[in-house]
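Subject: Structure for you to look at

Hi there,

Here is the structure I promised to send over. Please open it alongside this note, and I will go through what turned up.

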Amino acid sequence: MSDSRKAVVLLSGGMDSCVCAAMALARHGGGNVGLVHASYVQRTEERERRAFTEIADFLGVSERLMVRLDHFRAIGGSALTDERIAVPENELGAANTIPVTYVPFRNAHFLSVAVSWAEALGAGAIYIGAVAEDSSGYPDCRPEYYRVFQELIRAGTKPETEIEIVTPVIGMKKVEIIRRGIELGAPLHLTWSCYQGEDLACGVCDSCALRLRAFAEAGVVDPISYRRAVAAER
């Protein structure tokens, strides 16, 4: 189904947001899509920025916005932004708690940037690759979070502004996201999921474990290299 509205896509450089961008392009067309990347002084900041640029180049999208949210380092409270907090290894599903890799209220900051840009561009949709079904349990990846944020957009923008938050992969499992990405020709080989490596993916953090498990379930070889692909050996 085509959509003539202009769309803004939050593209971290990860697998979920990459597939989300491919879905937006298929629906809106390349000339109607802008890509926004928000660095937040995370451990893999440079590697994720590189993934964003390479994915955007591959998809042929020239309209881009890159911002750096330095305040997350001062805020701390996450293993992704505070080097004093270790990134957990081999703990996927170990406890029914929110992991220390959760960055407090991060997605609200990302969405705020996207909404500001979308309103300035006159865009009608914002795509974000949040996943609730098969993730680390982050509270800002739940469907209700985006329903509430949708109301905030309506209350906080110009009366004539109409911006829809689109979360096309939120109810999908990672294996389904991979299969959809392959169908769309999304450049999964350019994506970066690891929480702690910038040369080779570690293979043992939650994000790597989820990714490796999903590729194994899909029966597809993960196109990126790992230092220790423990999850794939199980």
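A word on burial before anything else: a residue is called buried when its relative accessible area is under 20%, exposed when over 50%, and partly exposed in between, using a 1.4 Å probe and protein chains only. By that rule F215 is buried, with a relative accessible area of 3%.

Please keep in mind that this is a predicted model, in which local features need pLDDT of at least 70 and side-chain atom pairs count only at pLDDT 80 or more, while totals for chains, interfaces and linings use all residues. Residues are numbered from 1 along each chain as its sequence is written, and side-chain values use heavy atoms, with hydrogens and water left out.

**F215 and its surroundings**

F215 sits in helix α7. Helices here are DSSP runs of H or I with at least four residues, strands are runs of E with at least two, and both are numbered from the N terminus. Contact means heavy atoms within 4.5 Å. Leaving aside neighbours within four places in sequence, F215 is in contact with M15, I178, L188, V220, V221, D222 and P223. E45 is 170 residues from F215 along the chain, and their C-alpha atoms are separated by 24 Å.

**Helix α1**

M15 also belongs to the buried part of α1. Of the 14 residues in α1, 12 are buried, so the helix is largely enclosed by the rest of the structure. The buried ones are M15, D16, S17, C18, V19, C20, A21, A22, M23, A24, L25 and H28. They pack against β1 (7–10), β2, α2, β4, α6 (174–184) and α7 (206–218).

The expected span of a helix is 1.5 Å times one less than its number of residues. For the 14 residues of α1 that should be 20 Å, and its end C-alpha atoms are indeed 20 Å apart.

One residue you may want to find is D16, in helix α1 (residues 15–28). D16 is buried, at a relative accessible area of 12%. Not counting residues up to four places away in sequence, D16 touches G129, V131, K174 and I177. Just after α1 comes G29, which takes a positive phi of about 90 degrees.

**Aromatic pairs**

How many aromatic pairs does the structure hold? There are five. Rings of Phe, Tyr and Trp (its six-membered ring) pair if their centres lie within 6.5 Å; planes under 30 degrees apart count as stacked, over 60 as edge-to-face, and the rest as tilted.

Take Y40 and F72: their ring centres are 5.9 Å apart and the planes stand at 75 degrees, so this pair is edge-to-face. The pair links distant parts of the chain, since Y40 is in the loop between β2 (33–39) and α2 (45–59) while F72 is in helix α3 (residues 71–75), 32 residues apart. Both rings belong to buried residues, Y40 at 4% relative accessible area and F72 at 2% relative accessibility. Ring pairs also link Y40, F72 and F110 into a cluster.

Y102 and Y138 form a tilted pair, 6.0 Å centre to centre with 45 degrees between the planes. Y102 lies in the loop between α3 and α4 (106–121) and Y138 in the loop between β4 (125–127) and α5 (143–156), so the pair ties together parts that are 36 residues apart in sequence. Y102 counts as buried at 18% relative accessibility, and Y138 does at 9%.

**α4 against α5**

These two helices pack at an angle of about 40 degrees, with their axes 12 Å apart. The axes are lines fitted to C-alpha atoms, for helices over the stretch in contact, and angles run from 0 to 180 degrees between N-to-C directions. On the α4 side the contact is made by N107, A108, L111, S112 and V115, and on the α5 side by Y145, Y146, F149 and I153.

**Two loop residues with positive phi**

V41 has a positive phi of about 60 degrees although it is not a glycine. V41 is found in the loop between β2 and α2 and is buried, with a relative accessible area of 4%. F105 is not a glycine either, yet has a positive phi of about 55 degrees. F105 is in the loop between α3 and α4, and at 47% relative accessibility F105 counts as partly exposed.

Best wishes
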